[in-house]
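Me: Happy to look at this one together. Could you show me the sequence and the model?

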Amino acid sequence: MDVDHSQYVVVGAGLAGAATAWQLAAAGHEVTIVERGTPADEAGSSHGSARIFRYAYPSEFYTRLVTRSRALWSQLEAASAQTLITSTGAVDWGLERDPAALTAVLEQVGIEHELLSQDEATARWPQFNFETKVLWHPQAGVIDSERSVEAMVVQAQRNGARLLTDWDLTAVERRGHGYTLRSADGRRIDAERVVIAAGGWLPKLLDLLPLPSAFRAGLPHIEVRQEQAYHFRYRENHRWPTFIHKNLQIQTYGLPGGRDADFQGQKVAEFNGGKLLHSAADQDGTVDAKNRDRVINYVRRHHPGLDPKPYAETTCLFTNTPNEHFVLDRCEGLTILSPCSGHGAKFAPLIGALAAGVATAADATAGRTLVPEPFLTGTTHAGATR
């Protein structure tokens, strides 16, 4: 079988991989994207039409990154002539969410917001039951994840990138100053440098990579969960924002479901409420009945504007690190990329730009200087980012 060649190979055509390929190709590099299925298909983490875009973080670091990412989203929307982020605004509340602390961060960064009393928020959004003060920031919205992936792949292709689908990676071998990648059906690509952006498949693929033991030991533990999300019909024609609600009993998030829910309802899920997997290869698409009951009971208590009987449900993948930071680092010619822990979608264009910078740096040490410190392997930062 003929051997293919490419300067850069990006493994994975989800949000992170598509963004990286777009940025690499736009900079004039020869790029091949290999995807085990098709871009943003249901076996990965980037399928569907509904992901939250928000600015509210307890960390000023992440809020400032959102502002940088939004500028790149605008570039992508202009280039693709479509709206990829629909404005809805967002509400955050709950004792464990600490709306006042989030407000302080938005104030510091200069993001439009209001901190409302429980009564003020209830008057504005009677479809919710609030038990604390509520943070509102109107620039939040919903990302159409699937169309965003498609748009970034198209931009990469317009700049010369190739997309190879049904390319199931089974081996990565050192070859002189580069690498040989092999697929399950016998195809082969020789590459100078490789970017691994495989989402929930990353734990399985790490075993295939020729990484030094010290670098591998420095990677954080990567946990994959099969999450569940449910769609609940709107009782009335309220304008629904996205939300994050965190109390001592449960942490949930919700957003208008978009095409995934025929625009008829709110998508609601428990954060990290799904079962643990070794990797995405172990997902079975089965919704856990106990999780369904927990979320239904939650909706009954806190969302009077929703019919508490879900009319649709789905599973998805969450790939987590212990501190919810991302992984973006390089060892020799291999760049490892995992913008994960359930909050990476909003950063996709920026992550692509950072990953492209790391992958193209003259050496791995130089590449590290391009990456915000919390994303580097071997660094430790206390506190959850959500």
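Me: Is the crossing of α1 and α9 left-handed or right-handed?

Reply: Keep in mind that this is a predicted model. The axes of α1 (residues 15-26) and α9 (residues 348-360) come within 7 Å of each other. As for its hand, the crossing of α1 and α9 is right-handed.

Me: Thanks! Are α1 and α9 oblique or roughly perpendicular to each other, and why?

Reply: Their axes cross at roughly 60 degrees. Roughly perpendicular would need 65 to 115 degrees. α1 and α9 are therefore oblique.

Me: How many charged residues are in the contact of α1 with α9?

Reply: On the α1 side, the contact includes Leu15, Ala19 and Trp22, and these residues are among those that meet a group in α9 including Ala348, Pro349 and Gly352. By class, the contact of α1 with α9 has nine nonpolar and four polar residues, and the number of charged ones is zero: no charged.

Me: And how are α2 and α5 oriented to each other?

Reply: Helix α2 (residues 60-80) packs on helix α5 (residues 145-158) at about 70 degrees, with the axes 10 Å apart. Among the residues in contact are Trp73 and Leu76 of α2, and Met152 and Arg158 of α5. Given that angle, α2 and α5 are therefore roughly perpendicular.

Me: Which strands each supply at least two residues of the lining of the second largest pocket?

Reply: That pocket holds about 400 Å³ of space. Its lining has 20 residues, with Thr86 and Val142 among those nearest the centre. The strands are β4 (85-87) and β8 (141-143).

Conventions
Residues numbered from 1 in each chain as written. Predicted model: local features only at pLDDT ≥ 70, side-chain atom pairs only at ≥ 80, totals over all residues. Heavy atoms only, no water. 1 Å grid on protein atoms, 1.4 Å probe; cavity = no way out; pocket = protein on both sides within 12 Å on 5 of 7 lines; lining within 4 Å. Points joined across faces, edges and corners; volume = space filled by probe spheres on them. Helix = DSSP H or I, 4+ residues; strand = E, 2+ residues; numbered from the N terminus. Axes fitted to C-alpha atoms, helices over the stretch in contact; angles between N-to-C directions. Parallel < 35°, antiparallel > 145°, perpendicular 65-115°, else oblique. Left-handed = near helix turned anticlockwise from the far one by under 90°. Contact = heavy atoms within 4.5 Å. Nonpolar A, V, L, I, M, F, W, Y, C, P; charged D, E, K, R; others polar.
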